[in-house]
Every structure is written in C-alpha cells, then in structure tokens.
Amino acid sequence: MSHVHIHYATGHYIGQTRQAGHRRWTRATGKCKTPEVAMSIAVRKMQPNDKRARVLFIDDSGWYEPNIVMECKR
C-alpha cells in the first residue's frame with residue numbers, strides 16, 4: 001500500500017517594484033492574502049521611473065524559497 005503526501009503550503013504574498021535599469025526590487029506591500037491584491041497595490045505604488053512589478057509567495061514554514069507568482073511590466 002502506498003501513501004500519498006499532499007503538501008498544502010501556508011504563507012502570504014508580497015508585491016515588489018523595480019526601477020528601469022536597476023537590479024534591486026523594493027517592497028511595495030505588506031502581507032497580502034491573495035496575489036491579485038498584492039499586484040494591484042504594487043502597481044498603484046509604482047513611481048514614474050519604475051518599470052516592473054511582481055508578486056512573491058512567501059512560505060511561512062521556512063522549507064521553501066519565495067516563488068514568483070506573477071510579474072508585469074510597463
């Protein structure tokens with residue numbers, strides 16, 4: 001008999017923005033429950049010289065690294 005392991009990750013989403021030509025991302029949101037909310041807040045907080053926005057899923061258990069969920073560019 002085999003066992004099935006189902007992992008349901010618990011965590012939160014954060015939004016980040018980045019300026020054109022820069023390598024560093026700046027955090028635009030706090031902890032959000034859905035990626036859509038994190039993306040909308042990050043896009044609203046984009047400065048005129050910001051070129052990209054993205055959303056990361058942060059796992060609260062500490063086992064996994066942050067995952068890029070969605071990204072947009074202007």
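This is a short walk through the sheet, the helix and the core of one chain, and the model is a predicted one.

I'll start with the sheet. There are four strands in an open sheet, ordered S2-S1-S3-S4, and the pairing is antiparallel. The edges are taken by S2, residues 26-27, and S4, residues 67-73; each has a single partner strand, so one side of each has no neighbour in the sheet. As background, strands in a sheet pair through backbone hydrogen bonds, in either a parallel or an antiparallel way.

Now the pairings one by one. S1, residues 11-19, and S3, residues 50-59, run antiparallel and are joined by nine bridges. If you want to follow the register on screen, find isoleucine 14, whose bridge partner in S3 is leucine 56. Glycine 15 is opposite valine 55 of S3, and threonine 17 is opposite alanine 53 of that strand.

Threonine 17 also has a partner on S2, namely threonine 26. S1 and S2 are antiparallel with two bridges between them. Their hairpin has six residues between the strands, and glycine 21 there has a positive phi near 80°.

On the S4 side, six bridges hold S3 and S4 in an antiparallel pair. Leucine 56, which we met as the partner of isoleucine 14, stands opposite isoleucine 68 in S4.

How enclosed is S3? Seven of its ten residues are buried, so the strand is largely enclosed by the rest of the structure.

Next, the helix. H1 spans residues 35-44. Which of its residues are buried? Those are Pro35, Ala38, Met39 and Ala42. Looking down the helix axis, the buried residues fall within an arc of 95°, so they line one face of H1. Glu36 and Arg44, on the other side of the helix, are exposed. The cover over the buried residues of H1 includes S1, S3 and S4.

Methionine 39 is a good example of that face. Apart from neighbours within four places in sequence, methionine 39 contacts Ala53, Arg54 and Val55, and also Met70, Glu71 and Cys72.

That brings me to the core. The largest nonpolar core has ten residues: Tyr13, Ala28, Cys32, Ala38, Met39, Ala42, Met46, Ala53, Val55 and Phe57. H1 and S3 are the elements that give two or more residues to this core.

Let me spend a minute on tyrosine 13, which is in strand S1. Is tyrosine 13 buried or exposed? Its relative accessibility is 17%, and the cut-off for buried is under 20%, so tyrosine 13 counts as buried. Leaving out residues up to four places away in sequence, tyrosine 13 touches a run from Gly30 through Lys31, Cys32, Lys33 and Thr34 to Pro35, and beyond that Ala38, Val55, Leu56, Phe57 and Val69. Its C-alpha atom is 9.3 Å from that of glutamate 36, a residue 23 positions away along the chain.

The count of aromatic pairs comes to one. Tyrosine 13 and phenylalanine 57 form this pair, with 5.1 Å between the ring centres and 55° between the planes, which is a tilted arrangement. The pair ties distant parts of the chain together, with tyrosine 13 in S1 and phenylalanine 57 in S3, 44 residues apart. Phenylalanine 57 is buried, as is tyrosine 13.

There is one more ring to point out. The charged end of arginine 54 sits over the ring of tryptophan 25, at 4.1 Å from the ring centre. Arginine 54 is also among the contacts of methionine 39.

Last stop, the loop between S3 and S4, where aspartate 60 is found. What does aspartate 60 touch, if residues up to four places away are not counted? Thr10, Gly11 and His12. The C-alpha atoms of aspartate 60 and threonine 10 are 6.0 Å apart, with their positions 50 residues apart along the chain.

To recap, we have an open sheet in the order S2-S1-S3-S4, a helix whose buried residues line one face, and a nonpolar core of ten residues.

Definitions and conventions
Residues are numbered from 1 along each chain as its sequence is written. This is a predicted model: local features need pLDDT of at least 70, side-chain atom pairs count only at pLDDT 80 or more; totals for chains, interfaces and linings use all residues. Side-chain values use heavy atoms; hydrogens and water are left out. Two strands pair if DSSP finds at least two bridges between them. Rings of Phe, Tyr and Trp (its six-membered ring) pair if their centres lie within 6.5 Å; planes under 30 degrees apart count as stacked, over 60 as edge-to-face and the rest as tilted. Buried means under 20% relative accessible area, exposed over 50%, partly exposed in between (1.4 Å probe, protein chains only). A charge sits over a ring if NZ of Lys or CZ of Arg is within 6 Å of the ring centre and within 35 degrees of the ring normal. A nonpolar core is a set of buried Ala, Val, Leu, Ile, Met, Phe, Trp, Tyr and Cys residues joined through side-chain atoms within 4.5 Å. Contact means heavy atoms within 4.5 Å. The arc is that of the directions from the helix axis to the C-beta atoms.
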